[in-house]
Amino acid sequence: MARERVDFRFKGLPPEADGATVGELAARRLNLFTDGFTTPVLALSAERLEHNLALMETYSARHGLAFAPHGKTSMAPQLFHRQLEHGAWGITLAVPHQVRVAREFGIDRIFLANELVDAAALKWLSGELDAAPSFRFTCYVDSVRGVELMQAALAEAGASRPVDVVVELGAGDGARTGARTEADCAAIADAVAASSALRLVGVAGYEGEVPDADGERVRAWLRRLVALAAEFDKAGRFAGLGLDEIVVSAGGSAWFDAVADVFAEIPELTLPVMKLLRSGAYVSHDDGHYRHLTPFNRVPEEGALEPAFRLWAQFVSRPNDQQAFTNAGKRDAAYDIDLPEAQVVRDARTGEVREATGVAVTGLSDQHGWVRTEPGAGVEVGDWLGMGLSHPCTSFDKWQLIPLVESDGTVVDYIRTYF
């Protein structure tokens, strides 16, 4: 990535940077505000990123959890490796393309929190497993038909290593994927046992899909998941497979405190249990959706995540005293859950940064932000507006190269995404 050359593909970067490699550009330590970056430009705080990485490392260790943060949030291999350096067991992903990206950048432990029944993807996966003994891969299964499709594709590919699978327990009627009943889970486990190409290693699911989720309902479903693992173990479903541990996995970004509580109750099984947490949004956190949902609101004594994104746009039009328009719209800002939050204004004349008092983003067009201004807001054409964003997943995916910026505006690196 450091050798990749900067050009027109990467929005927000200084035009003068064209032809430089990413590594050379990082070494220049340019200033986001005074060295030619063009608006709109998304910045990731270096200090807040480090804080969030360290906090979840500490939290996972404190609660005895293995951690495989969900890489779909950022699809940034640099961040994957930072997460591994901060104690992550591996990386969770959602679709085969994401697995290919992770493998290209040397990720050896991947948990696919999804079913995988695509024959072409399974053929590629079997080749990766056969070629790399150190590669550990696990994915969901939630139907007998899915097991049959996996078996057929892997047998056709001549796979020599079985694919490790966990039975996914659905979060309830009307929820997303996952087997709906324990009887269904047992039938799926029977199908896996009859397959020469698959190996059952545990159970998993996603508590964020529990209908009308609250602490009580989420914990009740997590206890079902734990009981399913215990029942499988009692029935000998993990015996004789050469396993070192049994996997029990759950945990998005809204209920990981409940996961920690219930996983602490897992009884002793015939093998050690890997209690695998998969939260991903923590890496950048946000100023909206996850600011309200984070479990750290319920357990403030455990710490607090910090929003690390700020989108900078420029006021390009000021039709009247109550209205202004920026040059950042839907192509630049997450908007699927909440609109961007106006936070600070940088004066184009003086460089002074002040609170965005009396300034609010009221809508987005493709390439414009609609802004309401109250009397005294003091906004002029040419000023920069710094905005907080809601929902990390749809913030990362709009930017291929994101400046990593220290608090004084110094750009110390560039985060490459692969969506």
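The following paragraphs lead from the overall form of this protein to its strand pairing and its nonpolar cores.

The model is predicted. It contains eleven helices and 18 strands. Along the principal axes, the C-alpha atoms of the protein occupy a box of roughly 70 × 45 × 35 Å. For a chain of 419 residues, a compact globule would have a radius of gyration near 22 Å; the protein has 24 Å, which agrees with that expectation. Of its 419 residues, 54% count as buried. The surface that the protein exposes amounts to about 17400 Å², of which carbon and sulfur atoms supply 49%. Among contacts with a separation of 6 or more, 70% are accounted for by residues 24 or more positions apart.

Strand E10, residues 309–320, offers a convenient place to begin with the details. E10 pairs with strand E1 (residues 41–45), the two running antiparallel and joined by four bridges. Within this pairing, Leu42 has Leu311 of E10 as its bridge partner. E10 also pairs with strand E16, residues 384–388, again in the antiparallel sense and over four bridges. Here Trp312 is matched with Gly386 in E16. A further antiparallel pairing, over three bridges, links E10 to strand E11, which spans residues 323–326. In that pairing Phe315 stands opposite Thr326 of E11. E10 and E11 form a hairpin, with two residues between them.

Several of these residues return in the surroundings of Leu385. Setting aside residues up to four places away in sequence, Leu385 touches Leu311, Trp312, Ala313 and Phe315, as well as Thr326. Its contacts on the same basis also include Ala342, Val344, Val345, Ala356, Val359, Val361 and Val371. Thus the bridge partner of Leu42, the bridge partner of Gly386 and the facing residues Phe315 and Thr326 are among the residues that Leu385 touches.

Leu385 also leads to the interior of the protein. In soluble globular proteins, nonpolar side chains tend to be buried together. The largest nonpolar core in this model has 120 residues. Leu385 is one of the residues with the most contacts inside this core, alongside Phe137, Val163 and Phe263. Helix H8, residues 215–234, gives the most to the core, contributing eight residues. Apart from this core lies another, of 19 residues, including Leu13, Ala17, Val41 and Tyr414.

Notes. Residues numbered from 1 in each chain as written. Predicted model: local features only at pLDDT ≥ 70, side-chain atom pairs only at ≥ 80, totals over all residues. Heavy atoms only, no water. Core = buried A, V, L, I, M, F, W, Y, C linked by side-chain atoms within 4.5 Å. Buried < 20%, exposed > 50% of the residue type's maximum accessible area, 1.4 Å probe, protein only. Contact = heavy atoms within 4.5 Å. Pairing = 2+ DSSP bridges. Rg over C-alpha atoms; globule rule 2.2 N^0.38 Å. Areas by Shrake-Rupley, 256 points an atom, 1.4 Å probe, with all protein chains shown as cover.
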